Every structure is written in structure tokens, then in C-alpha cells.
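Here is a short briefing to read alongside the sequence and the model. It starts at the DNA and then works outward to the protein chains.

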2 protein chains.
Amino acid sequence: MTSPPPGLRERKKRATREALREAALRLAVEHGPDRVRVEDIAEAAGVSPRTYNNYFASREQAIVSAVTADREAGIAAAVAARGAGVRLADAVTEAVVEQYTHTGERAQRALLLITARTALRDAFLDATADIEPPLTEVIADRLRDAAGAHTARVLAASAAAAVRVALEGWLRPPEGAEAAGGLGAGGLVVTSGSLPDQLREALAPLAPAFDAAERRTRR
Amino acid sequence: MTSPPPGLRERKKRATREALREAALRLAVEHGPDRVRVEDIAEAAGVSPRTYNNYFASREQAIVSAVTADREAGIAAAVAARGAGVRLADAVTEAVVEQYTHTGERAQRALLLITARTALRDAFLDATADIEPPLTEVIADRLRDAAGAHTARVLAASAAAAVRVALEGWLRPPEGAEAAGGLGAGGLVVTSGSLPDQLREALAPLAPAFDAAERRTRR
DNA sequence: CAGGAAAAATGCGCGCACGCAAGTTTACGT
DNA sequence: ACGTAAACTTGCGTGCGCGCATTTTTCCTG
């Protein structure tokens with residue numbers, strides 16, 4: 001899988017990235033997200049501002065990364081942990097729920113801060129796309145037939161998209177009815193259930209697709 | 001459907017946006033995408049640079065928008081055109097294929113330019129998410145039951161994600177095209193499979209999900 | 001254990017995104 | 001018809017993203 005020698009070079013790189021994550025989140029919590037500049041983050045991490053955005057494309061990305069990194073790192077294992085015994089759709093769903101609810105104290109506090117600022121919310125939502133690669137890998141691992149690779153890619157992308165929809169609905173309580181569509185005021189804006197429920201509800205419509213893909217590999 | 005008076009204010013707004021689109025694409029084709037500044041686009045459209053990014057968040061977005069606007073405008077009609085007689089999954093698939101292949105000459109030429117520059121390619125891929133709202137509307141139009149709204153949202157998001165995967169695979173390997181000197185030094189992007197095939201292949205795994213949702217509405 | 005190539009970090013500079021506080025235009029009520 | 005409020009545009013200033021050229025660090029090979 002990974003390279004047997006982690007590479008000394010690669011380790012420092014990861015250390016720097018982690019330092020930037022940590023610094024970004026800490027400073028954001030300390031002084032408020034708007035009161036922190038890239039220069040401050042870079043200084044706290046011991047690198048130049050120019051180096052900073054060799055790692056992160058935007059200021060928001062660095063802050064959010066501290067929260068999302070764990071999930072994109074653990075989602076694959078969480079799916080794999082639920083072995084071949086359970087339905088693939090259930091494995092993915094429960095793995096997602098686990099990764100987004102069984103979260104540390106620090107992440108929970110950071111989320112509270114993220115949901116307040118629009119720019120950070122958007123960055124957080126965009127970050128959900130980062131679970132797609134690891135998801136693709138584990139799904140492809142269970143779809144061994146010829147077209148499995150392509151199918152896994154699509155299913156992973158769809159699952160990530162569904163998660164995004166769930167998260168959007170979850171942190172959207174304070175919003176007027178200014179949807180893009182014309183007669184979009186179609187009544188029930190019931191939303192704002194618990195996050196696990198939102199996730200399960202969003203992933204449920206995709207279950208038949210997962211089932212079909214999984215069924216094809218058995219024959 | 002829409003507001004009976006289009007609104008005089010709204011008309012000027014759309015005209016300005018269209019002018020910016022047109023100017024951005026024209027200048028990009030004329031002088032090359034890197035040789036055009038926001039100031040030039042704004043001047044060509046008759047507005048100030050500051051006004052420019054009240055309409056577009058990035059320079060690339062404006063250029064790409066000239067190509068993608070038609071699709072996000074027509075995708076809903078394309079699905080609706082295929083009436084309730086055909087399977088929802090097929091309607092969506094064929095509508096997507098139609099929108100991304102039956103394209104004008106100008107768009108085709110612009111695409112050639114977009115695929116060359118990495119920044120424009122990324123912007124183009126990101127723009128596929130814009131078909132999600134109209135898709136949500138038409139799908140919800142055919143899913144009339146209670147949970148149809150949520151399901152439509154997830155299915156639309158998944159379909160958009162699948163389209164993105166297809167497009168990624170389509171314009172994948174532009175390696176060694178580092179001849180930025182002359183005009184039209186065009187290295188033809190070698191594609192793996194025709195675009196319609198890629199789209200159909202990517203959307204196919206989602207068909208069972210569409211079927212299940214559609215089947216639920218009939219009883 | 002050197003020497004040299006590849007890769008990352010840094011300094012510098014330019015153009016862009018966006019907040020803020022005017023000025024200007026459109027829409028609507030009495 | 002006129003005045004007022006809301007929306008859109010504009011000028012200005014600041015911080016940021018990133019390309020380019022240079023210096024420093026890391027890794028490999030003879």
C-alpha cells in the first residue's frame with residue numbers, strides 16, 4: 001500500500017502540514033477566524049508565508065483541514081472494519097455516520113466556530129469531497145469485477161455528494177426562502193434533524209445503486 | 001412559472017452578466033487565457049473591475065461560464081422533454097448526453113481552449129455542480145411523494161457528481177503539453193472513449209437508485 | 001563519504017478577491 | 001408626480017494566491 005520507508009523527507013512535510021493545521025485552528029479559536037492572517041499562521045508554524053500556501057490554497061482551507069483531516073484519514077478503515085458480512089450500502093452509511101459523530105472534543109468545538117462564519121462553512125462543505133478518494137479505494141476493494149473501478153468511482157462520488165447534501169441541510173436552519181428555483185417554496189422545510197439522521201436519510205436513496213453493484217460481483 | 005414582469009432591473013443585470021461572459025470568452029480566445037486581465041474584461045463589458053466580481057468570483061469562472069451557462073439553462077427542459085413515458089434514469093442520462101454533445105460551434109472551440117489550461121479545466125469541472133439545482137427541480141417534479149424532495153436533491157447531486165467523474169476521465173491526460181509559445185500550438189487531448197460513452201457509463205451505476213425512487217411514487 | 005541532482009523553502013512582485021463607504025439608479029407607495 | 005427606500009455600481013485600500021528566480025535542504029550514487 002504505502003511506501004515501506006515512510007521517507008524522512010515526507011515526514012517533515014507531514015509535520016509541517018500538521019503544524020500549520022494546528023496553528024491555524026488554535027489562532028482561529030483564540031482571536032476569532034477573521035482576526036488571523038496567513039502571516040500569523042505561518043509564523044506560528046515556523047515557516048514563511050510563501051511556504052504556507054504550498055500546503056493550503058486558502059486561509060479557510062487550513063483551519064477546516066484541522067477538523068476534516070481525521071475523517072478523510074479514517075473513513076476507509078471505518079468501511080473496511082465492517083467486513084464483507086454486511087451490506088456495502090450499510091457499511092458505507094454507518095462508516096460515514098461514525099466518522100461524523102464520534103468526533104473529538106476539539107473537533108466539536110471547532111465545528112461550532114466553523115458554522116458561524118459563512119466562508120468557513122463553505123470551505124467545510126467543499127472539504128467533504130476529500131473523502132472521495134479513500135472511499136473509492138475501499139469500494140473498489142469490494143467490487144472486483146471488470147467495470148468495478150469505474151463503478152466504485154461513481155458510487156464514491158455520489159456518496160460524497162450525498163454527505164454534502166446532508167451537511168448542507170444540517171447547518172442551514174437560519175435561512176430565508178431564497179432558493180434558486182422559481183416555485184421552490186414547496187412547503188416542508190422540516191430539516192434540522194440530528195446529524196446521524198440527516199446522513200442516513202441522504203444516503204438511503206443510493207442504497208439500491210450500491211446493492212446492484214454489489215450483487216453483480218457475486219455471480 | 002417565473003415572475004410575470006421579468007423586472008426591468010433584472011434584465012439589465014442579465015444583460016451585464018451576458019456581456020461579461022461574452023467579453024471574457026472573446027478576449028480569452030483572442031489573446032490567450034493568460035493574457036487577459038479582469039480589467040480588460042470589465043472594460044470590454046463597460047463596467048468597472050469592481051463590478052466584475054459582483055458577478056463572478058474568479059477570472060476563470062467568467063470564461064467557463066460562457067460555455068456552461070447554456071447547459072445549466074437547458075438541462076431541465078431536456079429532461080422534461082422526455083416525458084413520463086420513459087424511465088427517469090434514461091431521461092436524465094439522455095438529457096445530459098444531449099446537453100454535452102449537441103453543442104454549438106463556439107462552445108466546441110472554447111472547450112478546446114479550456115482543456116489546454118489547468119486552471120480553466122478545474123473551473124470547468126467545478127461548474128458541473130451548477131446543473132444540480134435545475135436537475136433537482138425536474139427530478140422532484142417527477143417524485144411527488146413526501147420524501148421526494150430530499151431524494152431528488154440527493155439524486156441530482158449524485159448525477160452531477162457522476163457527470164463530473166465522466167468529464168474528469170474524458171480530459172484526463174494532457175502530459176507534455178508545455179508549448180505555450182505559439183498560438184494554437186494545440187496538442188490534441190487524447191481522450192479515452194467518446195464523451196457520450198463516458199457519460200452513459202458514469203451514470204449507469206446510478207440507474208437502480210433512480211428506478212427505486214421512481215417505483216416508490218407509483219404506489 | 002563526498003559530489004551532484006532533485007525537491008522544497010524563500011524572497012519578490014503582480015494581479016485579483018473582497019470589505020467598506022460613498023454615489024447613482026430603479027422601484028414603489030401616497 | 002414626487003419623494004423615499006432599496007438595490008446596484010464605483011473608488012479605494014488591504015491581504016492573499018501564485019508565478020518566477022534563487023537559496024537551502026534532502027536524497028541517491030559512485
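In this predicted model, a polar side-chain atom of A:Lys13 sits 3.3 Å from a phosphate oxygen of DNA strand C. A:Arg50 reaches a base instead: one of its polar side-chain atoms lies 3.5 Å from a base oxygen of DNA strand C. Chain B takes part too, with a backbone N or O atom of B:Ala57 placed 3.2 Å from a sugar or linking oxygen of DNA strand C.

**Around DNA strand C**

- There are 19 residues around DNA strand C, and those that come nearest are A:Thr51, A:Tyr55, B:Arg9, B:Arg50 and B:Ser58.
- Which parts of DNA strand C do the atoms within 4 Å of the protein belong to? Sugar or phosphate accounts for 69% of these atoms, and bases for the rest.
- Sorted by class, the surface near DNA strand C is made of eight charged, six nonpolar and five polar residues.

**Which helices supply that surface**

- Both chains contribute: helix H1 (8–31) and helix H3 (49–55) of chain A, and helix H1 (8–31) and helix H3 (49–55) of chain B, each give at least two residues to the surface near DNA strand C.
- H3(A) provides the largest share of this surface, with four residues.

**How the two chains are related**

- A turn of 180° with a shift of 0.0 Å along the axis lays chain A on chain B, with an RMSD of 0.1 Å.
- That is the relation of a two-fold axis.
- Within chain A, A:Ser158 has the C-alpha nearest the axis, at 2.1 Å from it.
- Why can the copies be said to meet through the same surface? Of the interface residues of chain A, 78% are also interface residues in chain B, so the same surface is used by both copies.

**Chain A on its own**

- Chain A has eleven helices and zero strands, so to speak an α element at every step from the N terminus on.- Of the 219 residues in chain A, 42% are buried.
- Taking contacts in chain A between residues at least 6 apart in sequence, 71% join residues at least 24 apart.
- The accessible surface of chain A is about 12,000 Å², and carbon and sulfur atoms hold 53% of that surface.

How values were computed:
Residues are numbered from 1 along each chain as its sequence is written. Chains are lettered from A and ligands numbered from 1 in the order in which they are written. This is a predicted model: local features need pLDDT of at least 70, side-chain atom pairs count only at pLDDT 80 or more; totals for chains, interfaces and linings use all residues. Side-chain values use heavy atoms; hydrogens and water are left out. Copies are superposed by least squares on the C-alpha atoms of residues with pLDDT of at least 70 in both. Contact means heavy atoms within 4.5 Å. A residue is near a molecule or strand if one of its heavy atoms lies within 4 Å of it. A polar contact is a pair of N or O atoms within 3.5 Å; within protein, one must be able to donate a hydrogen and the other to accept it, and residues adjacent in sequence count only if both atoms are side-chain atoms. Ala, Val, Leu, Ile, Met, Phe, Trp, Tyr, Cys and Pro count as nonpolar, Asp, Glu, Lys and Arg as charged, and the others, Gly among them, as polar. Buried means under 20% relative accessible area, exposed over 50%, partly exposed in between (1.4 Å probe, protein chains only). Accessible areas come from the Shrake-Rupley method with a 1.4 Å probe; for residues, only the protein chains shown count as cover.
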